[in-house]
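Trainee: I should like to go through the reasoning behind several structural labels. May we begin once the model is displayed?

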Amino acid sequence: TDAGVTPWSAVAPDYATVNVETQKKSNSSLLQVFMAAATLRDEPAFQWGDFDNALTTANVLSFKRTHDGATSYLVAANLGSAEERQDYKAAGFPAEGTVALSSGMDRDGQKLKMENVVLQPGEALVISY
């Protein structure tokens, strides 16, 4: 490099387009998802709340975070390659929830019927209730 420092690994060939400055400008970049997820750390349910498994299938992993007197959250991730539909109402969740964070940053604020939560392949949702 110009500074006389030898990088420990080669610079990625796409460094001009895949970098922090570019990701700051994209509403759906991994950086934006991480920054939005980091704000949830301030929620009592994530700081001090109970962790309990929710519905888990061959492709869907989900759990809930709850804390007395605070907003509760369902975290659900579709690890498969096909759309998944889950009935969280039948598993004891309330009838409706609101997307607090989606991995695609395209469903935030969306109201969901908990009896039919649709997860796209590779999608994760944090749903408040």
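The exchange below sets values from this predicted model against the criteria for each label.

Trainee: Why is the contact between Glu96 and Lys113 called a salt bridge?

Mentor: The closest N and O atoms of Glu96 and Lys113 are 2.6 Å apart. The criterion requires a Lys or Arg side-chain nitrogen within 4 Å of a carboxyl oxygen of Asp or Glu, so the term applies. Glu96 lies in strand β5 and Lys113 in strand β6, 17 residues apart.

Trainee: What makes Lys113 partly exposed?

Mentor: The relative accessible area of Lys113 is 46%. Partly exposed covers the range between buried, under 20%, and exposed, over 50%, so the label follows. Glu96, with 44%, is also partly exposed.

Trainee: How do you know that Glu123 is buried?

Mentor: Glu123 has a relative accessible area of 8%. Buried means under 20%, so Glu123 qualifies. Arg107 is buried too, at 15%. These two residues form a salt bridge, with the closest N and O atoms 2.9 Å apart. Glu123 is in the loop between β7 and β8, and Arg107 in the loop between β5 and β6.

Trainee: What makes the set that includes Val60, Leu74 and Met114 a nonpolar core?

Mentor: A nonpolar core consists of buried residues of the listed nonpolar types, joined through side-chain atoms within 4.5 Å; therefore these residues are grouped together. This is the largest such core, with 12 residues in all. Strands β3, β7 and β8 each supply at least two of its residues. A second, separate core has 6 residues, including Ala45 and Tyr73.

Key. Residues numbered from 1 in each chain as written. Predicted model: local features only at pLDDT ≥ 70, side-chain atom pairs only at ≥ 80, totals over all residues. Heavy atoms only, no water. Buried < 20%, exposed > 50% of the residue type's maximum accessible area, 1.4 Å probe, protein only. Helix = DSSP H or I, 4+ residues; strand = E, 2+ residues; numbered from the N terminus.
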